[in-house]
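This report looks at two parts of a protein model, a strand with its neighbours and a pair of packed helices. Please keep the sequence and the structure in view while reading.

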Amino acid sequence: MNRKAFVAALQRQYETYREPYFTYRRFKHADIQPLIAALSPDKGFSVKELGLSTEKRVIHHIRLGKGTTKVMLWSQMHGDEATATMALFDIFRFFSASDELDSYRKVILDNLSLHFVPMLNPDGAEVFKRRTALDIDMNRDALRLVNPESRLLKGLRDELNADFGFNLHDQHTRYTAYYTPKPATISFLAPAYNVAKEVNPVRERAMRLIAAMNDDLQSIIPGQVAKYNDEFEPRAFGDNIQKWGTSTVLIESGGYPDDPEKFYIRQLNFIAILSALYAIAQKEYEHHTTEQYWAIPENRTQLRHLVLRNALLDFNGTAYRADISFDIRERMKADGRSFYYQCFVDDIGDLSTLYGYREIDCTNLQVSFGKVYPEEMYSLDQIRKLNFSRLLAEGYTALRYKGQDWQEKDVPADIPFNLLRGNHTRPDDAVSMEQNPDLVLAENGKVRYLIINGFVREPDVQSSKGNALSY
């Protein structure tokens, strides 16, 4: 039985175990209740009510396994960090299955007692925000324990006196693995338990385990694993749970190209957590070293949504060249489940130390602002009859919209233009901080690219990536 073979099999067979319910990551507490209710005692699951959130939503404690080594795993302490919650339900399906990996399941469940708390902050998840209903960051509440959810987590840890803990989070997609263009798709941390950041046996076990997990992930996402800053935060749960004697592993889910719902990163969580459980069960983490942990590159915030290099700009008749970076924000739709993007200029100048998920060299391109189509539009059907490729090739990026058949802020995915409603006459027309200008990049008078709401479009290429906005 080999951990490398286990990792390869999990990667190869992931679709067999993926929980099909999750088609978006802004799911609610009510959405996961049927999934929890379906966990069968016949498969070894024990489900009980751990307690209630501030708004009286049930927080569950799910137990599996009969071993003496106790492992706690909790997700969505921050309500808008849902990637690992999806992965936990994939893991539940893995343990409910029976196939050629049964020998690995047996090793884990015979040696470990697993204790899961999916969606620790259901009130935050309901509105997809970081904080609890009390508007307190739960990860800064390990000492005062003002949130009832905080008290539940502390109480469970103390009741179990768990040997290992997995603190499961999401981080911003701007993080890179040190000063490289590669995103920090997964970041780890063995949190410090004091200001001096000393390493005792409890923290050392977490470091060795992370070294094993990094080794496994490097075969899948080479160069895209980083280490979180280990500055001691006296109020944080990870730091204190480490201090209280539970070897704690922080997992942060970052960014990956073309993975807006973090479904691929969810798969990486699934693989990393299961391989870690096997490493604990077999004590394989003891074969790894703290030096391997320290060799993992640190997080840096060097990545942006889009970078335009060497753009020739104009300020009151004075020409100058500068790089332009666009960053991206997610805005919740009215249904509370889906979102749209809103981009903005994040920085201007020498951005040679930054990288973009997408980059364009503008050295030989002329930069101008997009044009507004002169004819007013009165319905989405009327818009769809336009020749999109021709209008884009002519540098049009926005339409005047007077219709009443649609009221959302974002634009339907099949329409590549910003829509101007009411008194809005054009999108932002300045390349300056926090603005969202439409730009046309042309070569010898021919439009090559258009930047519409921070997304790159080409006149003759049909693309559904990103979205335009209505103003």
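## Burial of strand E17

A residue counts as buried when its relative accessible area is under 20%. The model examined here is predicted, and by that cut-off five of the six residues of strand E17, which covers residues 396-401, are buried, so that the strand is mostly covered.

## Pairing of E17 with E16 and E18

Strand E16, made up of residues 371-377, pairs with E17 in the parallel sense, and five bridges link the two. One position in this pairing can be named, since Arg400 of E17 is the bridge partner of Glu376.

E17 also pairs with strand E18 (residues 418-420), again in the parallel sense, here over three bridges. Within this second pairing, Ala398 stands opposite Asn418 of E18. As general background, the side chains of a regular strand alternate between the two faces of the sheet.

## Packing of helices H5 and H10

How do the axes of helix H5 and helix H10 lie relative to each other? Helix H5 (residues 102-111) packs against helix H10 (residues 263-281) at an angle of about 60°, and their axes are 9 Å apart. Because of that angle, H5 is oblique to H10, and the crossing in which H5 passes H10 is left-handed.

On the H5 side, the contact involves Tyr104, Val107, Ile108 and Asn111, which meet Leu274, Leu277, Tyr278 and Ala281 of H10. Sorted by character, the residues of this contact comprise seven nonpolar and one polar, with no charged residue.

Technical notes
Residues are numbered from 1 along each chain as its sequence is written. This is a predicted model: local features need pLDDT of at least 70, side-chain atom pairs count only at pLDDT 80 or more; totals for chains, interfaces and linings use all residues. Side-chain values use heavy atoms; hydrogens and water are left out. Axes are lines fitted to C-alpha atoms, for helices over the stretch in contact, and angles run from 0 to 180 degrees between N-to-C directions. Helices (H or I, at least four residues) and strands (E, at least two) are DSSP runs, numbered from the N terminus. Angles under 35 degrees count as roughly parallel, over 145 as roughly antiparallel, 65 to 115 as roughly perpendicular and the rest as oblique. A crossing is left-handed if the near helix is turned anticlockwise from the far one by less than a right angle, and right-handed if clockwise. Contact means heavy atoms within 4.5 Å. Ala, Val, Leu, Ile, Met, Phe, Trp, Tyr, Cys and Pro count as nonpolar, Asp, Glu, Lys and Arg as charged, and the others, Gly among them, as polar. Buried means under 20% relative accessible area, exposed over 50%, partly exposed in between (1.4 Å probe, protein chains only). Two strands pair if DSSP finds at least two bridges between them.
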